[in-house]
Each structure stands twice: as C-alpha cells, then as structure tokens.
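The following exercises ask the reader to work through a structure by inspection. Each task is followed by a solution in steps.

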Amino acid sequence: MRPARSNWFKEECMKKLITTVALVAALLLGSATAASQVTVAVGQLPGHFDPQNNNASTVSGIIINIFEYMVMKDEQGQFIPALATSWESVDPLTWRFTLREGVKWHDGVPFTAADVKFTFERVAKDATLVRHAYYKHIESVEIINDHEVLFHTSTPDPIFLSNLSRNGASVLPRHHWEAMGADVAAQKPIGTGPYVFSELRTDDRLILTANDDYWGGRPAYDTAVFRRITEGSTAVSELLTGGVDLVASVSRAEITRFDGAAAAKVVPVIGNRINHLTFNTREGQITADQRIRAAVDYAVDDELLLEVLQDGAGAPVQARVSPGTFGSPLEYYDSYLYDVEVAKNLLAEAGYGPSKPAAITLMGSNGYADTADLVGAMLEEAGFVVEIKLFEPSVWSAKYSSTGDFTNVAFGAASDSSFDYGNSLIDNTCPNGVYYVQTGWCNEGYDALVNQANTEFDSEKRVALLRDATEILVAERPQYYMYASATFVGVSNAMEFRPRADSLIILATARPAAH
Amino acid sequence: MTVYVFKRLLQVIPTLVGITLLVFVVLRLAGDPVAAYLGGEDAEVAALPVEQVAAIRQKLGLDKPVIVQYLVYVGNIFRGDFGRSLIYQGRGAFGLLIERLPNTATLAGAALVVAILISFPGGILAALFKNRWPDTLVNVYSVIGDAMPSFWLGVMLILFFSVELRWLPVSGSGTFKHLILPALTLGTSIAALLTRLMRGGLVEVMSLDYVRTAKAKGLAPRTVVFKHALRNAVLSYVTLLGLAIPGLLGGSVIIERIFAWPGVGLLFINALGGRDMAVIQTVVIFTSALVVLGNLLVDIVYTLIDPRIQYR
C-alpha cells in the first residue's frame, strides 16, 4: 500500500501544481485580455449631455455611443433600423414608426413609445433648444401602443427620416428627465446605446463602460475613454506611443509624423464640411454687385487652396454638395471656376479699373489666417485692393454669427449632419435661413423651389427641384463655395476601426486588430 | 500688525467690486453669449434663426438692462451663487472652479519647487563667482530660459522624454510621472527671472559696507553670505515669488493645453471661447482676490525677513 500512497501523494501534489500553474496562467492571460480599453483623443468634450442643446459635430460624434437615434445611416447613406425597426410615410403629414422591442435604458427601465413622444415634443416646443429648428414642425407624437408611434407634422416633410438620424435626434429617457429635471439629467445621462456613462471629468476625460445588455450585442471594448487633448502635437505623440488608439482630427502640421510609423496610420475622410466665403449683399457693400461676387469666384483657384491648405485631400466644389449627401447635384462636385481674365473683365464691367480700384475687405476668425492670405493674394492678382481683418474666434463668432455684422466677405465653413442636400439649401432661404442674417440675400424663385423640394415626397422630382434651386444659388452667389475639406483621422494599428464620413465615432464597430 | 492685516483685507472688497463691475460690463459689450450655444468652430452652421436667438437671450436674462443684470448677479454672489455655466449646462460656476483648483495647485506647487531649486542655488552661485565661469553659465541659462517659449520647451520635452525615450507619459494627470514634464516646463521658465533677481540682489549686498565689515571681522565666508548678506538680498526675490503665485494658480493656459492638464487655465480659456460669462467672472474674481492676497502675504513675509520693516 505504501507505494500506492506515495503515488497518491505525488499525484495530489502534481494536481495541485497543475491547478496552480493553470490558475496563474489564467490570471496572467486574463489580465491581458479582460479589461480592454479604447481611448480616443478629441478636441472637445461634451460639457453636458442634452443632445437637443448641442450644435457641435464633435460632441454629437461622441454621445452617439450613449444615446441612439431612431434610424441610422450606413456608410453608403442608406437608412438602417436603430431604435425604430420599420417606418412608413402614411400621408404627407404623418409618419408611422415601429419601435424595437426588448430595448432597455441603462438603468434597466424598458424603452417605449412614451420616451419617443417625450423626446420629440420637447425639442419641437422649446424654442430655446438649439436643435429646435429641425423639429419645430412636429405637432404631436401619438402613441398607438408601447412600440408604435405616429408623428404628426404641420408641413409635409420628406427630409423627416434624415432629421431623425442626425445631431439632436437622440432619444431621451422620459422617466429620467422628468424625475431629475433637465439640468441634472443632462449631467447624468442615461441612454440605450452600446456604452454606459460612467464619469465626466470636465475638460479632461469622459469614461464609458460597455453595456452588457445592449440589443446590438456587447461592444468589443470594456471601457471607452474620450480624452480632451487640444494640442495637435500632443494628441499625435499619444497615438504614436500607444497612449490613445484614435485621434478624431489630426492637425495638418502633424501628418508627416505618420511617415514610416509602425504604431498608427492616418486616414483622410471627406465628409460634407464645405469651406466657403459668405458675401454681404446688402446695399452699400461692394459685394452687393453680383459681378463682383462672380469676379471673386473666378479669381480664386480652389485647387491651389486645397493643395496648400489640405495637402490636396478634399475636392473643389461649386455648391454644398458631396457624394454621401442625398440629393446633391454632383456636377457641382469636383468642379470649380478659375479664370483671372474673366475676373478682370467682370471688374471692368462693374466699373472698376486702375482709376477706381475695387477695394474689398475679407473678414473671419484668426483660424482662417492662411486661407485669408492665399485668397487675398489671388484677389489682388485679379485687380482687387484687399484688406484682411481677422478676429479672435469668440469675438468673431459673437460679431458674425448672431448679428451678421461684417464688411464684404467672411470666411466660414458649414456641414450638415442630416446628409440631406435639401437641409443645406434651407440655410440660404429668406428670411428664415440661418445665413440670411449674414448675406441679406433674397430670391423668391429660389425660396419657392427649396420649399417645394422640401415638401415633395417623390425622390426624383425632389432632386430635380433641388438642382434647379442650386442653379440660382450658384449663379447669384450669396456664398461662394470653395472646397470640401478632409478630416484626417489617426488610427492605431492595434485596432480595427473605419472612420465615418459623418464623423460619428461609433466605438461599437471598433475591435482589437487580429494578429 | 493684526489691525494692518485687517485693514488690508477690508481693502479687498472695493477692489473686487470694481473688478466684477468691469468684467461684467466689458463682457457684455464685447460679445454675445448665444455664441456658446452655437458650438464654436465645430458648429454645423455658424448661426441660428433670429427668433430663436431672441428666445435664448430671454431665457438667459440677457434681454434686461446691464445694470439690472449686474445687481441680480451681485445679489446672487452674496447668497453664494456665482451663476450657472452655459457650456457645462446646469453646473455652478464656482463648483467648476473648485473642482479644477487641486490640479492647478498641484502643478503650481511643483513648478514653484522646481523654480526655487534652480534659481536659489543658481543665483547664489552666480553672485559668489561673479564674472567667472559659473556666473556665465547661470547667466546664459537665465537668458535662454527667459527667451525660450514654454510651449516650445514643452513640446520638445514630450518628444524627447515621452516619444523617444518612453520614460514619461505624454500628457494627462493623475500620477507623479504625469506631473514631471509640465512642472519642469513651467518651473524652468519662472526660474530664469528668479535666478537673475537672486544674483543681482546678492551681488549688490555683497558690496555693501556692513558685509565688508563682517568679512574684516574675520567671519567665515559661509556666515557672511548666509547669515548676513542673504537676508537682505532675498527681498526682491520673495516679492517676485509672491507675485508669481496668483498667476500660477490662475492656471498656466499654455502648459495646461500642451499637457492636457485639466486645470483652471483650460477652464478659463474654454469659457472665454464660449462666452461662458458666469465662469469667466468667477475665475477673474478668484484670480484678482489671489493677487491682492498674494501682495498682502509678501508684505507680511517682509517683516519676518527684515525686522526693520514694520506696519501700523
């Protein structure tokens, strides 16, 4: 029996050893894979989580991980189900949505039609919310049952779906907002998205944790951290040393640092942010004369601007068009006017020449210093006498945005998170379009076409109307559209992630790279 | 002395009232806080419909006359309410400031230590070896240190210590390692001026009669320098140090930006960009109070260093 006992003892010891080794190995391996984290460097963090009171595209790109839209767009711009599984336009003033079943808010309360009603009636009624303008025509949301709603609008709205899948359309939890009030609810967000809010350290980082109960499946990373790094070179240094996995916007000066870098790559993404010049067309301005505005367009070489300012990444445009934006007449994309002789002739035709020089003022925030220098030089080449006035951004924003107080020409850029061209054209209608304050431009024919297009449900007819409206806009030029700029996204090679044209950072699609 | 300190503290009140009024009025003349709602440079479009701007202005109470707005504001301060932030919707401005203060204070404290460690021995060394090589070395440092922009130094330190050597984290806060580079950057730039002051002060004092007497008495050089000369040489040094503190606590905007260090400086620059009036006002009032208190502190320290100085 003794040898047997000795064997038993040996076996026991062996077993214990194996178990211990296995445990240690599991612990070691486990710690390497268990708490996975993805870190994103962004230029701006949300100061609050009231999606209906946010106009910044950076912020909407972040909070999409917490809150969800009713419908999403895929990378081809096609609508795909999110919180709504199906939809139809019942009549021009009514939309029916079937809501996804089994979805829970992050606190465990089920998501129902009451949340949808609360969300959209809030933004439709409260004019002090910055996203109000896109939803003010919603008269009421009628609850058919817990998972079916009817939206009643005061005007026919073919862009409705696009407006439900854009910045501001995040569905909010009624129970939370009503219990807490807007100010508290906006600091302790509860959503239905793949990530759950954990902590916001203002101006430092936003920490999110994976939603185990997410209807679309648990995301690959356990924790998602958005770090605010405003200094471009610091963000890239972090990416190259593995401190962050994604830099939402790499500044142009830093791009060469990715040459030969093993840790990360830089991906150019062309969205629908268009750089433009806005003309003050009011009486007394030199830019009141349509020929002068045309001369500016002909005098400026868009391709050269792109080359110098964007390293060639982007496309020259003649309108706010882009391939991913529905209804864009693409003949105005990747196309531009440039002929200095034509510009000179237009100036002469307008009565300007050596004896009476065409004095023009260019204004903007000092972020446009490079653009202003280039544009100014090209205008002088064509015979303009140029004065450039740049301002500190907040001073400029206050001066230009809310009062439209500027002389002749202003630098700017605009994007449209709905990716529907009809929405971009509304901005130039009179007097309700947001750019009317600045341009003072009114054209009844244009307004009629845009209004008609934006109540037309037949896609083909709608596109034709938008094209006709664009023709007027391009001919009269209250704004001169220069180029669609690219955003450069820095992505770590340790991660698989495809940046989107709409700059939404959907981390549920990110995963560790396979080795 | 107590009466003097009390009197000086009372003087703080009219100073602060003046400052609040100035900031309040200038802010309202310079721009429109509705810009904060627009989202800055990232805004989809740089404007809102006119009637919506009017509604927001009314909600924020900006449609009332400036003097009414000011009185309401001051009244609220006495109730401990410094107003609510626009950018950080719903959060109290004072709470935001307090939340950031530990970060800024940590960085400021570390930078001061760095600055003193460099400037105090450096200045003394330069003065004692006047016109010899240690003096030249220190002078070269103080000229370069003063001329070198701190943003450049910060970026270079990151590239060298974090990207090349990988010894220290690039940016952020939380651990001691995170503190080293920003403290070094900030400390070096303050140290340059302090070193020169220390050297100048000591050189001047060393040529005075009483020092010559002390030397003639046959005292050890160490006693002459540290016991007799240094006390008188250090006055201007302490003044500058005292004046540097409020500036440091107000946040070093550039350093905080480069190292993504979430302190008062970043809060302030954000608030400025977004016309977040309540936050701007709170930070300015706080920094002004610090300057006044910093001055007072310097005056009190004088009496400790130099018994000839007395306040009544």
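## Exercise 1: Two salt bridges compared

Lys344(A) and Glu341(A) form a salt bridge, their closest N and O atoms being 3.9 Å apart; the term denotes a side-chain nitrogen of Lys or Arg within 4 Å of a carboxyl oxygen of Asp or Glu. The model is predicted: local features need pLDDT of at least 70, side-chain atom pairs count only at pLDDT 80 or more, and totals for chains, interfaces and linings use all residues. Residues are numbered from 1 along each chain as its sequence is written, chains are lettered from A and ligands numbered from 1 in the order in which they are written, and side-chain values use heavy atoms, with hydrogens and water left out.

Task: Place this pair in chain A, then examine the pair Arg320(A) and Asp427(A).

Solution.

1. Lys344(A) and Glu341(A) both belong to helix H10 of chain A, three residues apart, about one turn of the helix. Helices (H or I, at least four residues) and strands (E, at least two) are DSSP runs, numbered from the N terminus.
2. Lys344(A) has 35% relative accessibility and counts as partly exposed; Glu341(A), at 46%, is also partly exposed. Buried means under 20% relative accessible area, exposed over 50%, and partly exposed in between (1.4 Å probe, protein chains only).
3. The side chains of Arg320(A) and Asp427(A) meet in a salt bridge of 2.8 Å, N to O. This pair links distant parts of the chain, 107 residues apart: Arg320(A) sits in the loop between strand S13 (314-316) and helix H10 (340-349), and Asp427(A) in the loop between H13 and H14 of chain A.
4. Arg320(A) is buried at 7% relative accessibility, and Asp427(A) is buried at 8%.

## Exercise 2: A buried threonine

Task: Describe the surroundings of Thr429(A).

Solution.

1. Thr429(A) lies in the loop between helix H13 (421-426) and H14 of chain A.
2. Its relative accessible area is 8%, so Thr429(A) is buried.
3. A polar atom of the Thr429(A) side chain is 2.6 Å from the backbone oxygen of Ile426(A).
4. Leaving aside residues up to four places away in sequence, Thr429(A) touches Tyr436(A), Tyr446(A), Asp447(A) and Val450(A), where contact means heavy atoms within 4.5 Å.

## Exercise 3: Inside chain B

Task: How many helices and strands does chain B have, and which parts does the pair Asp135(B) and Arg199(B) tie together?

Solution.

1. Chain B has 14 helices and zero strands, and 50% of its 312 residues are buried.
2. Asp135(B) and Arg199(B) form a salt bridge at 2.6 Å, N to O. Because Asp135(B) lies in helix H6 (residues 133-147) and Arg199(B) in helix H8 (residues 176-206) of chain B, the pair ties together parts 64 residues apart in sequence.
3. Asp135(B) and Arg199(B) are both buried.

## Exercise 4: The interface

Task: Characterise the contact between chain A and chain B.

Solution.

1. Chain A contributes 61 residues and chain B 51 residues.
2. The two chains bury about 4500 Å² between them, 47% of it on carbon and sulfur atoms; buried area is the accessible area (1.4 Å probe) that two parts lose on being put together, summed over both.
3. Asn55(A), Thr202(A) and Asp203(A) supply 14% of the area that chain A buries against chain B, more than any other three residues.
4. Two salt bridges cross this interface. Arg257(B) and Glu231(A) meet in a salt bridge at 3.0 Å, N to O.

Terms used. A polar contact is a pair of N or O atoms within 3.5 Å; within protein, one must be able to donate a hydrogen and the other to accept it, and residues adjacent in sequence count only if both atoms are side-chain atoms.
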